[in-house]
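Q: I'm new to reading protein models. Could you take a close look at one part of this one with me and explain what you find there?

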Amino acid sequence: RPVFTVSDINQYIKALISSDENLKYIYVKGEISNFKMASNGHFYFSLKDEKSLIGAMMFSNYAGRINFKPENGQEVVVFGSIDAYPGRGTYQIIVYQMYQIIVYQMEEVGAGQQLLELEKLKKKLLEEGLFDESRKRKINLYPNAIGVITAPNSAAIKDILFNIKRRYPIADIYVFYSAVQGENAPKELLKAFELAQTYPLDTLLIGRGGGASEDLSAFNDEALVRAIANSKMPVIACIGHEIDSTLVDFVADKRASTPTAAAELATVDRREIEEKLSFALQDMEESLKSRIQGMKDDLSSYKEDLDLEIRQLVSHYKELLAHKKVALEALNPDNVINRGFSLTVDEQGKPVSDIKQVKKGQKIRTILKDGVINSEVIDTEKK
């Protein structure tokens with residue numbers, strides 16, 4: 001058998017499609033999914049029903065003619081042709097789902113049944129107050145333990161673990177694995193959530209990485225939403241879709257656009273803590289230096305005041321001493337004697353100030369300014 005190149009196969013498939021008249025100018029009904037409008041005005045989206053999905057695109061010159069805004073979940077009828085783009089090289093041997101519809105016209109039929117049911121549930125929960133901002137709690141940015149509900153071996157859990165350890169490595173992390181899409185995902189998510197409620201967590205993260213909008217239905221489960229509304233700890237939703245919002249996003253205490261953003265919402269960066277501590281230490285050091293300088297200034301002021309008081313006190317006592325000296329000089333017996341008086345003392349040298357201190361025949365001494373007279377009492381005469 002001949003060996004074909006990839007380009008040969010792709011060109012051959014395109015030729016088959018282009019030559020099939022049944023695939024030209026046909027009407028197709030389906031629900032819009034993964035809708036995106038490019039910067040050049042082209043529409044890129046998918047059409048799906050209960051069993052299948054097919055890619056579609058609409059050039060800007062046709063897109064500008066429709067009179068409504070296409071949205072995910074809308075059921076529409078499109079008119080166009082089946083075509084293939086061989087340059088992508090993503091075909092398999094059987095290439096059923098890689099065909100695109102080149103859309104020429106689009107008519108709105110109405111919102112898909114799934115979207116209608118979701119809006120009905122959303123309205124009911126909104127009226128019950130489950131989405132009220134007043135009931136939402138603040139996130140503890142200094143957690144001891146953080147819980148994470150997501151799929152095992154996913155990019156989401158890797159991003160969350162990496163960023164929490166990078167930002168706040170002292171927190172314990174508990175991971176509760178669950179499917180995040182598929183038929184069993186709602187039950188698994190609810191089971192993982194109920195298990196997480198038995199742990200002493202400060203914050204609980206729930207979500208997944210990116211994916212198609214139709215894969216988010218598990219996060220619109222009513223039982224899961226009501227459980228989150230009654231959570232023991234604050235919940236951060238990180239579904240990984242900025243455009244598509246699920247009911248879990250509305251009921252959670254905080255919503256993050258990505259798992260990485262959720263890790264940032266759940267913790268404070270240790271670098272911020274280190275910076276705050278550095279500023280605090282700097283403030284303490286400056287405050288301490290200021291207080292020490294103030295005490296030095298006060299001590300210097302006290303020293304000047306003390307020196308002044310000591311000088312004044314010394315001067316006062318000098319004056320007082322001078323006055324006392326004058327008084328003492330006035331009372332000095334020598335000074336009295338020098339002025340022409342005399343002092344009489346007994347044999348022991350005690351001053352005789354009373355006639356009763358001496359007796360007849362007793363020896364006495366009279367001190368004059370230039371000498372001493374020794375005498376004997378002949379007689380006494382009372383005044």
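A: Let's walk through a sheet, one residue in it, and a pair of helices. Keep in mind that this is a predicted model.

Start with the sheet. Its 5 strands lie in the order β7-β6-β8-β9-β10, the sheet is open, and the pairing is parallel. At the edges you will find β7 (172-177) and β10 (254-255), each of which pairs on one side only. To see how β10 is attached, look at strand β9, residues 235-238: 2 bridges join β9 to β10, and the two run parallel. Along that pairing, Ala237 stands opposite Arg255 in β10.

Now move to strand β8 (residues 203-207), where you can pick out Thr203. Thr203 has a relative accessible area of 0%, so it counts as buried, the cut-off being under 20%. Which residues does Thr203 touch, leaving aside its neighbours within four places in sequence? They are Ile139, Asn140, Ala145, Ile146, Gly147, Met233, Pro234, Ile236 and Ala266.

Finally, turn to the helices. Two packed helices are described by the angle between their axes and the distance between the axes. For α5 (residues 185-196) and α6 (residues 222-229), the angle is about 20° and the axes are 9 Å apart. Angles under 35 degrees count as roughly parallel, which means α5 is roughly parallel to α6. Their crossing is left-handed. On the α5 side, the contact is made by Leu189, Leu190 and Phe193, while α6 brings Ala223, Leu224, Ala227 and Ile228. By class, this contact has 7 nonpolar residues, with no polar and no charged ones.

Note on methods
Residues numbered from 1 in each chain as written. Predicted model: local features only at pLDDT ≥ 70, side-chain atom pairs only at ≥ 80, totals over all residues. Heavy atoms only, no water. Pairing = 2+ DSSP bridges. Helix = DSSP H or I, 4+ residues; strand = E, 2+ residues; numbered from the N terminus. Axes fitted to C-alpha atoms, helices over the stretch in contact; angles between N-to-C directions. Parallel < 35°, antiparallel > 145°, perpendicular 65-115°, else oblique. Left-handed = near helix turned anticlockwise from the far one by under 90°. Contact = heavy atoms within 4.5 Å. Nonpolar A, V, L, I, M, F, W, Y, C, P; charged D, E, K, R; others polar. Buried < 20%, exposed > 50% of the residue type's maximum accessible area, 1.4 Å probe, protein only.
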